[in-house]
Amino acid sequence: IRHPAIFKCQMELGNVLFRGLIPAREREIAILRIGWLCGAPYEFGQHVNIAKRVGLATEDVERAIAGSRAPGWTRHEAAILRGVEELLADQSISDATWAVLAESWDEPLLIEYTVMVGQYVATAFVQNALRVRMTSDNPGLSNR
């Protein structure tokens, strides 16, 4: 921890989001997609482990890598992944994707989702730029 004040703030927001309103499965498929699209080995590998603890299977991890168009997602899950893809590509979410998300999520969940995506993108950028070292229990982008 080389910058305690920033680390503390980042961890506080991360903890709020981790225990937030978004169901764990939905949170983790979004974070897996973020980690994959950002080429963030530490984040992706860590969240494969977390995703498995909350019930995702290896097949779910593979589908998160493939993205929103992969067969097998519910309409809502595909929209979660598509929202990540759109935010990273366009820095916004299309009206069509918002409409699908809003079928299942209320306003606080929609707000939390956009903050969560931003938080994990920022984490991926920082980890990548600072070349965060991998740990023995985290095989990075090869983790399944």
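## Helix 5 and its buried face

Helix 5 has these buried residues: H76, E77, A78, A79, I80, L81, G83, V84, E85, E86 and L87. Buried means under 20% relative accessible area, exposed means over 50%, and partly exposed lies in between (1.4 Å probe, protein chains only). Helices here are DSSP runs of H or I with at least four residues, strands are runs of E with at least two, and both are numbered from the N terminus. Among the elements covering the buried residues of helix 5 are helix 2 (24-37), helix 6 (95-104) and helix 7.

This is a predicted model, in which local features need pLDDT of at least 70, side-chain atom pairs count only at pLDDT 80 or more, and totals for chains, interfaces and linings use all residues. Residues are numbered from 1 along each chain as its sequence is written, and side-chain values use heavy atoms, with hydrogens and water left out.

How far apart are the end C-alpha atoms of helix 5? They are 21 Å apart. The 16 residues of helix 5 (75-90) should span 22 Å at 1.5 Å a residue, so the two values agree. The expected span is 1.5 Å times one less than the number of residues.

## After the helices: positive phi

Q91 comes just after helix 5. It lies in the loop between helix 5 and helix 6. Its phi is near 60°, a positive value in a residue other than glycine. Q91 is exposed, with a relative accessible area of 60%.

R131 sits in the segment after helix 7. Its phi is also positive, near 55°, and R131 is not glycine. Is R131 buried or exposed? R131 is exposed, because its relative accessible area is 65%. G67, just after helix 4, takes a positive phi of about 105°.

## Helix 4

Helix 4 covers residues 58-66. Its buried residues are D60, V61, R63, A64 and I65. They pack against helix 2 and helix 3. Contact means heavy atoms within 4.5 Å.

## The whole protein

The protein has 7 helices and 0 strands. From the N terminus on, the elements run α-α-α-α-α-α-α. Of the 144 residues, 44% count as buried.

The C-alpha trace spans about 40 × 30 × 25 Å along its principal axes. The radius of gyration is 15 Å, which agrees with the value near 15 Å for a compact globule of 144 residues. That radius is taken over C-alpha atoms, and the globule rule is 2.2 Å times the number of residues to the power 0.38. Among contacts with a separation of 6 or more, 68% join residues 24 or more positions apart.

## The largest pocket

The largest pocket holds about 840 Å³ of space. A pocket is an open set of points on a 1 Å grid over the protein atoms alone, where a 1.4 Å probe fits, with protein on both sides within 12 Å along at least five of seven lines; lining residues have an atom within 4 Å of a point. The volume is the space filled by probe spheres set on the points.

The lining has 22 residues, and F7, Q10, M11, T123 and Q127 lie nearest the centre. Helix 1 (4-18), helix 3 (41-53) and helix 7 (107-130) each give two or more residues. Helix 1 gives the most, with 7. The lining divides into 11 nonpolar, 9 polar and 2 charged residues. Nonpolar means Ala, Val, Leu, Ile, Met, Phe, Trp, Tyr, Cys and Pro; charged means Asp, Glu, Lys and Arg; the others, Gly among them, are polar.

Q127 is found in helix 7. Q127 is buried, with a relative accessible area of 16%. Not counting residues up to four places away in sequence, Q127 touches Y42, E43 and V132.
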